[in-house]
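Please look at the protein shown below, with its sequence beside the model. The paragraphs that follow lead from its overall division into parts to individual residues.

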Amino acid sequence: MDLLASAPAPTTATPSKPSLPSRTDAVMDRAKKALLQNYKQQPLVLERGEGVYVWDVEGRRYLDLICGIATCGLGHCHPQVVSAAKAQLDKLWHVSNVFYTEPQIALAERLNKASGLPGARSFFCNSGAEANEALIKLARRAQKERGQPDRFEIITFEQSFHGRTLATVTATGQKKYQQGFEPLPAGFVHVPYGDLDAVDKAIGPKTAAILVEPIQGEGGVRPAPAGFLQALRQRCDAHGLFLMIDEVQTGVGRTGKAFGFQHTGVSPDAFSLAKALGNGLPIGAMVCTDALGKALPSGTHGSTFGGNPVAAAAASVTFDLACSAAQLADTAAKGAHLHALGQALKAKRADKVVDVRGQGLLFGVEVKDAAADVVARCRANGLLVNLAGEKTVRFAPAFVTTMDQLTQGLAILEQSL
Ligand SMILES: Cc1ncc(COP(=O)(O)O)c(C=O)c1O
């Protein structure tokens, strides 16, 4: 069946003209003077979002199939998340972690239960990098507590992405993110993703843990080869290492399970979350087994805003909605639809499409031409997607995106190739 032939014609924004409209120009001009120029920003000023659509300051509507890079999983301004955050805003914003607040505990209970980790415990922070930083500190300290003070190295993978703090950028297996920041912290070893022989060679007396993404998101939407996480679990058990999974991009329902590792039957010792957890409000989490968590007792780690009541209240509602059995099944079905569309596009446009990859609603289309140009043409045609690496156009749509909207998105991609 030619799935693409039935795609409705895109009805969103008109292509941007060579000279941008004045309000956009004016905002961009201010941004160029006021902001650190550390992002490669698209020439688009967004001011409103509802569901899977966003509007720019010129009033143009875009179909948003990237949703804040895998972050607004329930779409923009989801009414139940908005009302949970508003109710909490009216009650209590912040008191610090020297006191207990219930929204944080309620969220931890949800994550712990869903994780299936023995005696699971949660620590809250504000971002993916901070959650991974907690994993790294936990691994080192837990090995010391076990009487293995020389075990501090963490094996991570080439093309991985774990964040921008000094430790997490060093864990990241991509030189381009590290250049200029040397000397980098010691204790990270990178091996090719999926290469068990390389993992075996890298394991030594200094190894503390393995840190891995179930799907490399920023590295080009590359799922781990079948059996890889299971094999890593086996290596960790055999050598007394901790298996730590970075679920920052894959967690909270994106792949059709609450956490990506749940497709594999593997249980990590600890994992990180951020992105979709707060549906756009900043919150990160590190979930670990009770046994491992004992390595971070009182005073050893913390974060002023971690588990902030407003973000936590929004995150509990987000988690309930994104990870209900019905929503996970729906996300998986939509993922299958998106993949079928991608395969059809690849067959039809083999001259332009090299590969389609992903799981659930994390999906990448590797293209022959510069992916940045394709992303720019998609934008001009009313579709927001982004880059994952140099060659891959990434889709990370909201779980509430309809099948028709996904079909429409792929039609716009085809038109933009
Ligand atoms: C797998 C993964 N880990 C960590 C991070 C860093 O998250 P943050 O930007 O919230 O620090 C990202 C961000 O893209 C990610 O995709």
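**Two domains and their interface**

In this predicted model, the centres of domain 1 and domain 2, taken over C-alpha atoms, are separated by 29 Å. To find the two domains in the sequence, note that domain 1 is made of residues 3-65 together with residues 341-416, while domain 2 covers residues 80-322. Domain 1 is thus written as two stretches of the chain, and domain 2 as one.

The two domains are in contact, and 17 residues of domain 1 and 16 residues of domain 2 take part. Between them, domain 1 and domain 2 bury about 1,300 Å². Carbon and sulfur atoms account for 55% of this buried area. On the side of domain 1, three residues deserve attention: Gln359, Leu362 and Phe399 supply 45% of the area that domain 1 buries against domain 2, which is more than any other three residues supply.

What holds charged groups together across this interface? The rule finds 1 salt bridge between domain 1 and domain 2. In the model, Arg394 forms a salt bridge with Glu218, and the closest N and O atoms of this pair are 2.6 Å apart. As a general principle, side chains of opposite charge can pair when their charged atoms come close. Polar contacts are also present, with 8 residue pairs counted between domain 1 and domain 2.

Which elements give two or more residues to the side of domain 1 that touches domain 2? They are the strands β13 (353-359), β14 (362-367) and β17 (392-395). Strand β14 gives the most, with 4 residues. By character, the residues on this side of domain 1 divide into 7 nonpolar, 6 polar and 4 charged.

**The surroundings of the ligand**

The model also contains a ligand, with 13 residues around it. Of these, Gly128, Ala129, Asp246, Gln249 and Lys275 come nearest. Gly128 approaches through its backbone, where an N or O atom lies 2.8 Å from an oxygen atom of the ligand. Gln249 uses its side chain instead, placing an N or O atom 2.7 Å from an oxygen atom of the ligand. For Lys275, a polar side-chain atom lies 3.5 Å from an oxygen atom of the ligand.

**Local details along the chain**

Over the whole structure, a search finds 18 salt bridges. One pair is Lys33 and Asp29, whose closest N and O atoms are 3.0 Å apart. Why are these two residues separated by about one helical turn? Lys33 and Asp29 both belong to helix α1 (residues 22-34), and the separation follows because they are 4 residues apart in that helix.

Two features of the backbone complete the tour. The peptide bond from Glu182 to Pro183 is cis, with omega near 0°. Pro183 is found in the loop between α6 (166-171) and β6 (188-191). The second feature concerns Cys67, which has a positive phi of about 35° although it is not a glycine. Cys67 is placed in helix α2 (residues 67-70).

Definitions and conventions
Residues numbered from 1 in each chain as written. Predicted model: local features only at pLDDT ≥ 70, side-chain atom pairs only at ≥ 80, totals over all residues. Heavy atoms only, no water. Domains from an automatic or database assignment. Contact = heavy atoms within 4.5 Å. Buried area = accessible area lost by both parts, 1.4 Å probe. Salt bridge = Lys/Arg side-chain N within 4 Å of Asp/Glu carboxyl O. Polar contact = N/O pair within 3.5 Å; in protein donor to acceptor, adjacent residues only side chain to side chain. Nonpolar A, V, L, I, M, F, W, Y, C, P; charged D, E, K, R; others polar. Near = heavy atom within 4 Å.
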